[in-house]
Amino acid sequence: MRYIIIGAGAIGAAIGGRLAEAGLDGVLVARGAHAEALRADGLRLTTAAGTRVHRLPVATGPAELGELRPDDVLVLTVKTQDAIAALDAWGDAEVAGGGTAAQRLPLLCAQNGVESERLALRRFARVYGVCVWLPATFLEPGAVSALCAPLTGILHLGKAAGGSDGRIRAVAADLEKAGFGAPVVEDVMRWKYAKLLGNLGNAIQATTGPEADPAKAALLLRAVREGKAAYEAAGISYASDAEQSAARDGKVDQPPGVRGGSSWQSLARGTGSVEADYLNGEICLLGRLHGVPTPVNDVLRHAANIFAREGLPPGAMSVADLTALADEAAARA
């Protein structure tokens, strides 16, 4: 199989680089200065074992690859706000022997949130969810670090609509060869909904900084409580804290040090957008559909989007000010 990593940022490049280290075939899809750096100097991937340079094929879109191969696996790792454009571009790509990628090839949604699977299922016949536990950092073109050990990350895999099959088990075997835990589960979206609760703090990190603080933890707890209430009203199940700890503890230990999450990194790179609409915004959507107030998540979503739109530096807001906005919103709810 050849893995086409659509969005070779922190997660995509870590997966693509580790697959390359294991001798597996892959293509990195990137754009702008990052694509130029990958082409010129290769991918500089730092893991717990050190830094290695991987010279993988690089493309900015499907046209540069010509016909896709029948054994290609598409791995979607763009942020959700960029998913529709990527799905449309790659879905129409022709596959050798006839048909399009959307008709014939497997697509793995290795992203935060739960919306990309729904977007993909409208277009692709074979869609798989990936619950990503892979702390990684991407702040400069061509360079990514993923420092967890003994495994680089845990990637729960399964069919987006439920169940599993031989194709995803073969992918899991490749990922395990590349240094990941890759459990195949029958209910992958249950794991992704659980991961989403933790990602509600991405907006707090982005706006107030990644450093630990009791006030930030308290604000996240309020956001998570809203999320759980919305899940209960919507009848959505999610993996328990105990299940998640059992899956990760002792397998993906991070070295000490402060690291910003994906939204913080987006602001640091000045991308102009963050995925808050599909993290905190997912909870807001569920709350509005099922009559559950979600004022804290709406404040976090709104604040993160302002930071991205106006190009504000990550961490420029105090947690006291962000909490005050959440308090005002909660009082009005």
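A residue counts as buried when its relative accessible area is under 20%, as exposed when that area is over 50%, and as partly exposed in between. Keep these cut-offs at hand. The model is predicted.

**Exercise 1. H156**

Task: Find the element that holds H156, decide whether H156 is buried or exposed, and list what H156 touches.

Solution.
- Step 1. Locate the residue. H156 sits in strand β12, residues 153-159.
- Step 2. Take its relative accessible area, which is 5%. The cut-off for buried is under 20%. So H156 is buried.
- Step 3. Look for partners, skipping residues up to four places away in sequence. H156 then touches G129, V130, C131, P183, V185, V188, W191 and A247.

**Exercise 2. Three residues to classify**

Task: Classify R288, A316 and A33 as buried, partly exposed or exposed.

Solution.
- Step 1. R288 belongs to helix α12. Its relative accessible area is 61%, so R288 is exposed.
- Step 2. A316 is in the loop between α13 and α14. The relative accessible area of A316 is 52%, and therefore A316 is exposed. Setting aside neighbours within four places in sequence, A316 contacts T207 and F307.
- Step 3. A33 is part of helix α2, residues 32-41. With a relative accessible area of 46%, A33 is partly exposed.

**Exercise 3. Apart in sequence, apart in space**

Task: For the pairs R288 and A230, A33 and G142, and A316 and E140, set the separation in sequence beside the C-alpha distance.

Solution.
- Step 1. R288 and A230 are 58 residues apart in sequence, and their C-alpha atoms are 8.9 Å apart.
- Step 2. A33 and G142 are 109 residues apart in sequence. Their C-alpha atoms are 8.3 Å apart in space.
- Step 3. A316 and E140 are 176 residues apart along the chain. Here the C-alpha atoms are separated by 21 Å.

**Exercise 4. How two helices cross**

Task: Describe how α7 and α10 are placed relative to each other, and name the residues that make the contact.

Solution.
- Step 1. Identify the helices. α7 covers residues 188-199 and α10 covers residues 241-248.
- Step 2. Read the geometry. The two axes come within 11 Å and cross at roughly 100°.
- Step 3. Apply the cut-off: 65 to 115 degrees counts as roughly perpendicular. So α7 and α10 are roughly perpendicular to each other.
- Step 4. Name the residues. From α7 come R190, W191, A194 and K195; from α10 come E243, Q244 and A247.
- Step 5. Sort the residues of this contact. Three are nonpolar, one is polar and three are charged.

**Exercise 5. The two sides of α9**

Task: Check the span of α9, then find where its buried residues lie around the axis.

Solution.
- Step 1. α9 runs over residues 214-234, which makes 21 residues. At 1.5 Å a residue, α9 should span 30 Å.
- Step 2. Compare with the model. The end C-alpha atoms of α9 are 30 Å apart, which agrees.
- Step 3. List the buried residues of α9: K216, L219, A223, V224, E226, G227, A230 and Y231.
- Step 4. These residues cover an arc of only 155° around the axis, so they are on the same side of α9.
- Step 5. Turn to the other side of α9. There P214, R225 and E232 are exposed.
- Step 6. Ask what the buried residues pack against. The partners are α7, α8, α12, α13 and α14.

**Exercise 6. α13 and α11**

Task: Name the buried residues of α13 and of α11, what covers them, and the residue that follows each helix.

Solution.
- Step 1. α13 has 16 residues. It reaches 22 Å from first C-alpha to last, close to the expected 22 Å.
- Step 2. Its buried residues are P295, V296, N297, V299, L300, A303, A304, N305, F307 and A308. Their cover includes α8, α9, α11, α12 and α14.
- Step 3. G311 follows α13, with a positive phi near 70°.
- Step 4. In α11, the buried residues are S262, S263, W264, Q265, S266 and L267. Six of the eight residues of α11 are buried, so α11 is largely enclosed by the rest of the structure.
- Step 5. The cover of these residues includes α1, β9, α8 and α13.
- Step 6. G270 follows α11, and its phi is positive, near 65°.

**Exercise 7. A peptide bond**

Task: What kind of peptide bond joins A149 and P150?

Solution.
- Step 1. Place P150. It lies in strand β11, residues 149-150.
- Step 2. Read omega, which is about 0°. The bond between A149 and P150 is cis.

Notes
Residues are numbered from 1 along each chain as its sequence is written. This is a predicted model: local features need pLDDT of at least 70, side-chain atom pairs count only at pLDDT 80 or more; totals for chains, interfaces and linings use all residues. Side-chain values use heavy atoms; hydrogens and water are left out. Axes are lines fitted to C-alpha atoms, for helices over the stretch in contact, and angles run from 0 to 180 degrees between N-to-C directions. Helices (H or I, at least four residues) and strands (E, at least two) are DSSP runs, numbered from the N terminus. Angles under 35 degrees count as roughly parallel, over 145 as roughly antiparallel, 65 to 115 as roughly perpendicular and the rest as oblique. Contact means heavy atoms within 4.5 Å. Ala, Val, Leu, Ile, Met, Phe, Trp, Tyr, Cys and Pro count as nonpolar, Asp, Glu, Lys and Arg as charged, and the others, Gly among them, as polar. The expected span of a helix is 1.5 Å times one less than its number of residues. Buried means under 20% relative accessible area, exposed over 50%, partly exposed in between (1.4 Å probe, protein chains only). The arc is that of the directions from the helix axis to the C-beta atoms.
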